[in-house]
Amino acid sequence: MRTVLITGTTSGIGYALSELFAKKECHVILVSRNAMKLSAQKQKLENGNNRIDTITCDLEQTNAAEIIYKSIKQNGWQVDILVNNAGFNEAGLFSETDATCEQGMINLHINFVTDIMKLFIPEMIQNSHGHILNVGSTGSYIACPKDAVYAASKAYILHLSKAVHAELKGTGVTVTTLCPGSTRTEFAHKAKIEHTLLFKIFVMSPHKVALSGLRAMEKGKSVIIPGLYNKILVLCSRLLPYSFIGWMTKKML
């Protein structure tokens, strides 16, 4: 039974990934800050062929990765698959967005992801197997007006993951980055961007996004962009001048 540690599991892509791993009869460790939602999710996912455990933790705090790692060690668990899915957005003009929220976003997307990879990768190398699935965004490829800090933090996840994936070649350990576009989750509502053009066209279901990420991870791929529209969007961001891409991104948000 493989052990999978997933962050941000109580909704959206994280919830869908949890369901997929639970169906694969894995030992799934759910991590979120909402203890009540975690308990309900645990009861829903558990069956006789898998095992579900939970860790309640606010991942924006400075020592969140160490707290989770110590909990894993205290329980005698060995993580085979690490999924860094937790994330949120603070959208709007950079001069007007909430600096405290953005600092929390930086702590979660950059500091936490870096710290927890640092803790688990050496053990995976020693065991000659392991997978890491980091959730980025199509925004990882685009400097996004009205979403500057979010896109920049997701760009960090993409570049860190690609570099570490290359370093790990031949060790039996892989790092995959899942870069979805707009997805039908609570994410847009919480960021107050659910009525923007970005979330009105070609919106994917969290299950399809999660399945795409899972399959790419199992194949050891470095990056997966789910959905034809999202692939075209990323391709255009590389071919077209930024003056146009920046204008279009601002319109979509």
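**Figure 1. Strand order in the open sheet.** In this predicted model, seven strands are arranged as an open sheet in the order 3-2-1-4-5-6-7, with parallel pairing. Strand 3 (51-56) and strand 7 (223-224) form the edges, each pairing on one side only.

**Figure 2. Pairing of strand 1 with strand 2.** Strand 1 (residues 3-7) and strand 2 (residues 27-32) run parallel and are joined by five bridges. Within this pair, valine 4 has valine 28 of strand 2 as its bridge partner.

**Figure 3. Helices lying across the sheet.** Helix 1 (residues 12-23) lies across strand 1, strand 2, strand 3, strand 4 (81-84), strand 5 (130-135) and strand 6 (173-178). The direction of helix 1 is at about 170° to strand 1. Helix 5 (residues 148-167) lies across strand 5, strand 6 and strand 7, and runs at about 155° to strand 6.

**Figure 4. Burial of strand 5.** Strand 5 is mostly covered, with six of its six residues buried. Gly130, Ile132 and Asn134 point one way from the strand, whereas His131, Leu133 and Val135 point the other way. The residues of both sets are buried.

**Figure 5. Strand 5 and its pairing with strand 4.** Four bridges connect strand 4 and strand 5 in the parallel sense. One residue pair in this view is valine 83 with its bridge partner in strand 5, leucine 133. Leu133 is also one of the buried residues of strand 5. Together with helix 4 (residues 99-127), strand 4 and strand 5 make a right-handed β-α-β unit.

**Figure 6. Strand 5 and its pairing with strand 6.** Strand 5 and strand 6 run parallel and are joined by six bridges. Asparagine 134 stands opposite threonine 177 of strand 6; Asn134 belongs to the set that points one way from strand 5 with Gly130 and Ile132. A right-handed β-α-β unit is made by strand 5, helix 5 and strand 6. Helix 5 of this unit also lies across strand 7.

**Figure 7. Buried and exposed faces of helix 9.** In helix 9 (residues 242-252), the buried residues are Ile245, Gly246, Thr249 and Met252. These residues lie on the same side of helix 9 because they cover an arc of only 130° around its axis. Helix 8 (228-239) is among the elements that cover the buried residues of helix 9. Ser243 and Lys251 are exposed and are carried on the face of helix 9 turned away from its buried side.

How values were computed. Residues are numbered from 1 along each chain as its sequence is written. This is a predicted model: local features need pLDDT of at least 70, side-chain atom pairs count only at pLDDT 80 or more; totals for chains, interfaces and linings use all residues. Side-chain values use heavy atoms; hydrogens and water are left out. Two strands pair if DSSP finds at least two bridges between them. Helices (H or I, at least four residues) and strands (E, at least two) are DSSP runs, numbered from the N terminus. Contact means heavy atoms within 4.5 Å. Axes are lines fitted to C-alpha atoms, for helices over the stretch in contact, and angles run from 0 to 180 degrees between N-to-C directions. Buried means under 20% relative accessible area, exposed over 50%, partly exposed in between (1.4 Å probe, protein chains only). A crossover is right-handed if, with the strands pointing away from the viewer, the path from the first strand over the helix to the second runs clockwise. The arc is that of the directions from the helix axis to the C-beta atoms.
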